[in-house]
Amino acid sequence: MKLKKQDILNALKTITAPGEGENMVDSGAVTNVVTFADEVIVDITIRNPSLQARKKTEVEILQTIHKKVYEKAKIKVNVKVDAPAAAPKNEIKGKAIPGIQNIVAVASGKGGVGKSTVTANLAVTLAKMGFKVGVLDADIYGPSIPIMFDVANERPLSVNVDGKSKMKPVENYGVKVLSIGFFTKPDQAVIWRGPMASKALNQMIFDAAWGELDFLLLDLPPGTGDIHLSIMQALPITGAVVVSTPQNVALADAKKGVAMFQQDSINVPVLGIIENMAYFTPAELPENKYYIFGKEGAKHLAEDLNVPFLGEVPLIQSIREAGDLGRPAAMQTATPIEAAFEAITRDVVQQVVNRNEALPATEAIKITTMAGCSAVKKN
């Protein structure tokens with residue numbers, strides 16, 4: 001028997017391809033039909049990539065042609081899969097906190113590189129720019145944010161929000177702060193396994209009355225461990241900032257920190273790398289720069305990893321002194337320290353804006369003027 005192409009098409013109009021709302025011919029799923037005597041070849045493209053869908057499509061075509069056209073037809077079905085493009089990386093994970101637009105994790109591969117100092121100074125600089133800012137001290141085993149904000153002796157109050165009791169963050173310098181340090185004695189060591197630490201963090205995150213925030217900065221512990229994974233599972237992290245010194249030992253660990261955020265299973269955008277303790281300039285020799293820990297190591301690392309370099313912070317005694325006294329150095333006016341942190345903070349904000357325009361976001365902000373830096377909700 002000589003098969004006719006139109007008979008084959010009419011038969012195929014009685015069935016639908018997986019995921020299509022109309023029959024496989026009118027939907028365009030059938031791309032070609034070739035007949036020769038009692039042989040027929042059907043080319044079809046489906047969107048469902050599963051093996052089950054492919055097999056079901058093939059069987060339905062065979063059965064329909066045999067039943068409606070010719071029961072002894074020799075049929076070959078070529079099933080091609082044209083699945084929708086995969087969702088972009090860096091999808092938002094975790095449960096968003098109402099009122100918080102951007103959550104930025106500040107991390108480091110190793111301890112002692114000044115991550116908490118950078119976090120504190122970023123926070124106060126953002127507040128000076130007019131943003132609403134919060135800091136969550138996620139370094140369970142070595143909380144230092146309360147000291148840096150001069151609130152070590154404070155305790156969060158309990159407030160009623162929509163009938164539920166919530167922790168009210170301690171506030172100073174226009175920044176809202178929560179830390180495990182508020183709930184332990186100064187000489188008390190936190191000796192907890194991972195699940196206990198993660199539970200405490202979740203309470204500070206979701207049982208806190210953060211209110212409206214443009215930025216919540218997370219001061220993460222050093223390394224790439226359980227706390228980091230718990231945070232990223234619990235919260236929709238907008239992006240991460242990695243802090244390192246120029247020293248090779250620190251750079252090796254910073255590279256691991258960047259790699260952690262870039263893993264396929266995590267996919268948190270890396271906003272950039274900050275180089276702390278970049279150089280030392282004596283007060284009596286303001287034109288001299290001494291590269292004690294190496295020169296531009298973090299900058300070169302950023303270039304190698306193809307992530308933004310957000311700037312460098314010099315090694316200045318007053319930065320350390322200001323942190324110990326509980327008044328972040330970026331609050332000083334008309335100083336090189338203030339200028340350095342303002343430049344870095346502007347870059348961080350710009351990277352957040354770029355990230356929110358290019359990738360799925362919580363609720364993006366637009367910077368209307370970099371001088372006033374007013375936050376405007378994105379429509």
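Reader: Across which strands does helix 10 lie, and at about what angle does this helix run to strand 13?

Author: In this predicted model, helix 10 covers residues 336–358. The helix lies across strand 4 (100–107), strand 10 (213–219), strand 11, strand 12 and strand 13. Its direction relative to strand 13 is about 160 degrees.

Reader: Which strands stand at the edges of the open sheet?

Author: The open sheet is formed by eight strands with mixed pairing, in the order 8-9-5-10-4-11-12-13. An edge strand has a single partner strand, so one side of it is left without a neighbour in the sheet. The two strands in this position are strand 8 (170–172) and strand 13 (309–315).

Reader: By how many degrees are neighbouring strands of this sheet turned against each other on average?

Author: The sheet in question is the open one with the order 8-9-5-10-4-11-12-13. With direction ignored, the average turn between its neighbouring strands is 25 degrees.

Reader: How many bridges join strand 11 to strand 12, and which residue stands opposite Ser244?

Author: Strand 11 (residues 239–244) and strand 12 (residues 270–280) run parallel and are joined by five bridges. Opposite Ser244, in strand 12, stands Glu275.

Reader: Is Thr125 buried or exposed, and what is its relative accessible area?

Author: Thr125 belongs to helix 3 (residues 115–128). Residues under 20% relative accessible area count as buried. Thr125 is therefore buried, at a value of 2%.

Reader: Which backbone oxygen does the side chain of Thr125 reach?

Author: Leaving aside residues up to four places away in sequence, Thr125 touches Ala330, Phe341, Glu342 and Thr345. At 2.7 Å, its side chain reaches the backbone oxygen of Asn121.

Note on methods
Residues numbered from 1 in each chain as written. Predicted model: local features only at pLDDT ≥ 70, side-chain atom pairs only at ≥ 80, totals over all residues. Heavy atoms only, no water. Helix = DSSP H or I, 4+ residues; strand = E, 2+ residues; numbered from the N terminus. Buried < 20%, exposed > 50% of the residue type's maximum accessible area, 1.4 Å probe, protein only. Polar contact = N/O pair within 3.5 Å; in protein donor to acceptor, adjacent residues only side chain to side chain. Contact = heavy atoms within 4.5 Å. Pairing = 2+ DSSP bridges. Axes fitted to C-alpha atoms, helices over the stretch in contact; angles between N-to-C directions.
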